[in-house]
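Student: I should like a close look at a single part of this model, namely the open sheet and the elements that pack around it. Please set out its construction and then place it in the wider fold.

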Amino acid sequence: MEILGVDIGGTGIKGAIVDTEKGELISERKRIETPHPATPAAVAETLKKLVDEFQWKGAIGCGFPATIHHGVAYSAANIDKTWINTPVEQLFTEATKCQTFVLNDADAAGLCEMKFGAGKNENGVVMMLTIGTGIGSAVFVDGHLHPNTELGHLFLNTKEDKYKIAEHYCSERVRVEKDLSWSKFGTKFNKYLQRLEFLFNPDLFILGGGASKNFAKFSPEFQLHTRVVEAQTLNLAGIIGAAVYGAQHVKPARGKAK
Ligand code: BGC
């Protein structure tokens, strides 16, 4: 199926038309700067511009950096607080005049990795973490997504601080802001993974997002019994996974053969 996949982030809104069976882009990838302030109305207008650039009239799958419960946003850690309680799916569907299906951005990246990347054919408990401005999580049990986990918000008891939120301790943003060496970053991320390992006993961690392209530089610090691998689809995972989600939810047009 062909679906327009969109990944809404703090700095850019990116999209491409995706072949959801093959997990491949069938158009170029376009990007528009996220407006500031990134209020619901401003983002909806920017999304419409992106959709118009593709002259797209079909269904849209859209990843969004918040928990999305039945189309409504319930959190806003790294986005404008006015998103909380916003019916995002309805807002985007009305703005674009295209049926739009919205899910958490890390869940979107996870869906892509499970279908086409490092999680392909992996059973048991797979935990995907996206390391960027925040830390997103997507948890799969035998290939099924448990949506809207927020494991980047887990409290860690660190040497520096008691009760530090994980994404304030070892996200890509923290690494850049504190100018951490890869080894120091790896040590911190290891602490986080050890906590997740203890609490959830996953079979596999997949690390994606901005920092993951440097996996080889920080992973030597890991001391875990769980396997840890880097994501394979990197910065396209959000777009492709969102499109896959759209394809899973779109209803066939009336009159068309099933
Ligand atoms: C948000 C998550 C999101 C992640 C990555 C976190 O701050 O709470 O919902 O998936 O950032 O964007």
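Tutor: The account below begins with the sheet and moves outward to the helices, the cores and the cysteines. The model is a predicted one.

The sheet is open and has five strands, ordered β11-β10-β9-β14-β15, and its pairing is mixed. At its edges stand β11 (144-146) and β15 (227-230); each has a single partner strand, so one side of each is left without a neighbour in the sheet. From one strand to the next, the twist averages 25°. At the β11 edge, β10 (residues 135-141) is joined to β11 by three bridges, and these two strands run antiparallel. Within this pair, Val139 is placed opposite His146 of β11.

Two helices may be described against this sheet. Helix α3 (residues 105-116) packs on it and touches β9 (125-131), β10, β11 and β14 (204-208). The direction of α3 makes about 45° with that of β10. Helix α5 (residues 182-200) lies across β9, β10 and β14, and runs at about 150° to β9.

Helix α3 also has a helical partner. Two packed helices are described by the angle between their axes and the distance between the axes. For α3 and helix α7 (residues 237-249), the angle is about 85° and the axes are 7 Å apart; the two helices are therefore roughly perpendicular to each other. On the α3 side, the contact involves Ala108, Ala109, Leu111, Cys112, Lys115 and Phe116. These meet Ala237, Gly238, Ile240, Gly241, Ala242, Val244, Tyr245 and Gln248 of α7.

Asp7 provides a link to another part of the chain. This residue lies in strand β1 and is buried, with a relative accessible area of 14%. Leaving out residues up to four places away in sequence, Asp7 touches Gly12, Ile13, Lys14, Gly63, Asp105, Gly238 and Ile239.

Strand β1 (2-8) also contributes to the largest nonpolar core. That core has 28 residues, of which Leu4, Val6, Ile8, Trp56, Ile60, Phe64 and Phe92 touch the most other members. At least two residues each are supplied by β1, β2 (12-19), α1 (40-54), β5 (60-64) and α2 (88-96). The largest share, six residues, comes from α1. Trp56 is in contact with Glu2, Ile3, Leu4, Ile17, Val51 and Cys98, its neighbours within four places in sequence being left aside. Apart from this core lies another, of 27 residues, which includes Ala118, Met128, Leu204 and Ala237.

Strand β5 pairs with β8 in the parallel sense, over five bridges, and Ile60 stands opposite Thr100 in β8. Five of the five residues of β8 (residues 100-104) are buried, so this strand is largely enclosed by the rest of the structure.

The cysteines complete the description. The count of disulfides comes to zero. Cys62 is in no disulfide, its nearest cysteine sulfur being that of Cys98, 12 Å away. Cys62 is buried, with a relative accessible area of 0%. Cys112, already named among the α3 residues that meet α7, is likewise in no disulfide, and the nearest cysteine sulfur, that of Cys62, is 15 Å away. Cys112 is buried, with a relative accessible area of 0%.

Methods
Residues are numbered from 1 along each chain as its sequence is written. This is a predicted model: local features need pLDDT of at least 70, side-chain atom pairs count only at pLDDT 80 or more; totals for chains, interfaces and linings use all residues. Side-chain values use heavy atoms; hydrogens and water are left out. Two strands pair if DSSP finds at least two bridges between them. Helices (H or I, at least four residues) and strands (E, at least two) are DSSP runs, numbered from the N terminus. Axes are lines fitted to C-alpha atoms, for helices over the stretch in contact, and angles run from 0 to 180 degrees between N-to-C directions. Contact means heavy atoms within 4.5 Å. A disulfide is a pair of cysteine sulfur atoms within 2.5 Å. Buried means under 20% relative accessible area, exposed over 50%, partly exposed in between (1.4 Å probe, protein chains only). A nonpolar core is a set of buried Ala, Val, Leu, Ile, Met, Phe, Trp, Tyr and Cys residues joined through side-chain atoms within 4.5 Å. Angles under 35 degrees count as roughly parallel, over 145 as roughly antiparallel, 65 to 115 as roughly perpendicular and the rest as oblique.
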